[in-house]
Amino acid sequence: MSPRAGSAGSHTLAFVESPVQLLNVLEWAHTHAHGATAPGAEPSGAPEPASGAGPSGTAAPAPGAGFTLVVLSPNDPMTRGQLRRMAELARDEGHQVRWEEARGGTTAPFHTIGGLAPLLRKARRIVMGDPFSRYVQLLLTITKAQDLVVVDDGTATMEFVAQLARGERLVRWHRRGGRPGARDVLFAPVSASARRRLTPSGRRSVEVFSSMPIDSAPDGVRITANDFSWTRARFGPPRITKGADLVGTSLVETGVVDPDRYLAAVKSLAGAHGATRYFAHRRESTDKLHRLAAETGLEIVRPDLPLELIARRGPIGRTILSFPSTVVHTLPLALVGTEVRVAVCDIDPTWLTENASPRAQGFLSGVTGTARDVTRLSAVSTA
């Protein structure tokens, strides 16, 4: 299939920039195609329209009707590799995939937006994985779609819903507290427009499809629970090994956690639980991973698919160790019915960098504290 394949008559357009977003688009399509709302789903503030109904009660197209998935490809090689593997799975499910080199040079954004404009104007439903993305926010200013869906981009979804409910500008949690840069100021009108479009109205419906714990949402936002039914139906059950596996995090790369403290914590955690493998986050730097391997003896694994699929396919350790991250919410769902135990280690406040957002500790504690079906571990010593 051509990398620019896709029907100009598509009713549903999905935009993804990461493998996890693409996985959750497939989960959303699977859930809705089977004609039932996932367990635990409920509307916030208003009754959910009948299946397939738009905000005015008119029939909206089913997710599989003319479903085109647009990959706004990043430059990172590991992310690109995982996205290509996920795109193959999407094609296997009957969806059309359009691959956009959205960051392939100075003029790439203009070519991408110009090429997508006709599809955006005709689309009746937009599905997006990252409402914080400037790319996605810009695309939202073009579309007149009356049905907007936000699928999980990990724990950021929790912050997105909370900011929407409070009427705040959309800012990623690890960037809050700092001064807006020049680009932030220039982009502010677009971001404000995207926030307005993501607020439900009599003419526009908004759904959030998430496996994250969401306590409150703006009136009219439909919250649909993602229980990873597609993943469980498509893969596994896995072969379980006797040992433990450790899941990496990009908290160092985002400037939240001190690299030396993180290395010491990984070494201590692996030693205490007998972990032998370290599943690297796609954003972890090569230098950091080389150092981890040299100083901890862990086997560094760079997954070619999101960890939920890797774990479900197996082999996987009987215990999966993680710091606060999305996987402490998603892995128990993907591995339900198996004997795998997910354990999460708290982030000690002393591990945070001086430049970390003032909200960092509270947000990370919330990620851990709201996780279901996990074992909670105290922060390990990094002395």
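# Getting to know a predicted model

Trainee: Where do I start, and how many helices and strands does the protein chain have?

Mentor: This is a predicted model, so let's begin with the overall make-up. The secondary structure of the protein chain adds up to 14 strands and twelve helices.

Trainee: How confident is the predictor, and which stretches have a pLDDT under 50?

Mentor: Across the protein chain the pLDDT averages 84, and 84% of the residues score at least 70. Residues 36-61 have a pLDDT below 50, with 49 contacts in the model beyond near neighbours in sequence. Another stretch where pLDDT stays under 50, with 18 contacts beyond four places in sequence, is residues 1-9.

Trainee: What share of the protein chain's residues is buried?

Mentor: Look at the surface first: the accessible area of the protein chain is about 16,200 Å², and carbon and sulfur atoms hold 51% of that. Then count residues: the protein chain has 383, and the share that counts as buried is 53%.

Trainee: Among contacts between residues at least 6 apart in sequence, what percentage joins residues at least 24 apart?

Mentor: Here is one pair to picture: Ser285 and Val252 are 33 residues apart in sequence, and their C-alpha atoms are 9.2 Å apart in space. That is a distance, so let's turn to the contacts themselves. Among contacts in the protein chain between residues at least 6 apart, those joining residues at least 24 apart make up 73%.

Trainee: Is Ser285 buried, partly exposed or exposed?

Mentor: Ser285 sits in the loop between strand S10 (275-279) and helix H9 (286-296). Buried means under 20% relative accessible area and exposed means over 50%. Ser285 has 32% relative accessibility, so Ser285 is partly exposed.

Trainee: What about His95, buried or exposed?

Mentor: Find His95 in the loop between helix H2 (77-92) and strand S4 (96-100). Leaving out residues up to four places away in sequence, His95 touches Leu26, Ala29, Phe67 and Ala90. His95 has a relative accessibility of 10%, so His95 counts as buried.

Trainee: Which elements do the buried residues of H11 pack against?

Mentor: Helix H11 covers residues 327-334, and seven of its eight residues are buried. Those buried residues are Val327, Val328, His329, Thr330, Leu331, Pro332 and Ala334. They pack against helix H7 (229-234), strand S9 (240-247), helix H10 (307-313), strand S12 (316-322), strand S13 (341-345) and helix H12 (360-369).

Trainee: Which residues are the closest to the centre of the largest pocket?

Mentor: The largest pocket has a volume of about 1,100 Å³. Of the 44 residues lining this pocket, the closest to its centre are Asp153, Ser250, His281, Arg282 and Arg283.

Trainee: Which helix gives the most to the lining of the largest pocket?

Mentor: By class, this lining holds 18 nonpolar, 16 polar and ten charged residues. Helix H1 (19-33), H2, helix H5 (156-166), H10 and H12 each bring at least two residues to the lining. With three residues, the one that gives the most is H12.

Trainee: Back to Ser250: which residues is Ser250 in contact with, leaving aside neighbours within four places in sequence?

Mentor: Ser250 lies in the loop between S9 and helix H8 (259-273). Its relative accessibility is 10%, so Ser250 counts as buried. With those sequence neighbours left aside, Ser250 has contacts with His281 and Arg283.

Trainee: Which residues line the largest cavity?

Mentor: There are two cavities of 30 Å³ or more, and the largest has a volume of about 40 Å³. Its lining has three nonpolar, five polar and two charged residues. By name, the residues lining this cavity are Val20, Asn24, Asp152, Gly154, Ser211, Met212, Phe228, Glu308, Thr326 and Thr330.

Trainee: And which element supplies the largest share of the lining of the second largest cavity?

Mentor: The second largest cavity has a volume of about 30 Å³, and its lining residues include Gly129, Asp130, Val150 and Phe160. The elements giving two or more residues to this lining are strand S6 (147-151) and H5. The largest share, three residues, comes from H5.

Trainee: How many nonpolar residues are in the lining of the second largest cavity?

Mentor: Pro131, Phe132 and Ala156 are among the residues that line this cavity. By class, the lining has two charged residues and two polar ones, while the nonpolar residues number six.

Key:
Residues numbered from 1 in each chain as written. Predicted model: local features only at pLDDT ≥ 70, side-chain atom pairs only at ≥ 80, totals over all residues. Heavy atoms only, no water. Helix = DSSP H or I, 4+ residues; strand = E, 2+ residues; numbered from the N terminus. Buried < 20%, exposed > 50% of the residue type's maximum accessible area, 1.4 Å probe, protein only. Contact = heavy atoms within 4.5 Å. Areas by Shrake-Rupley, 256 points an atom, 1.4 Å probe, with all protein chains shown as cover. 1 Å grid on protein atoms, 1.4 Å probe; cavity = no way out; pocket = protein on both sides within 12 Å on 5 of 7 lines; lining within 4 Å. Points joined across faces, edges and corners; volume = space filled by probe spheres on them. Nonpolar A, V, L, I, M, F, W, Y, C, P; charged D, E, K, R; others polar. pLDDT = per-residue confidence, 0-100.
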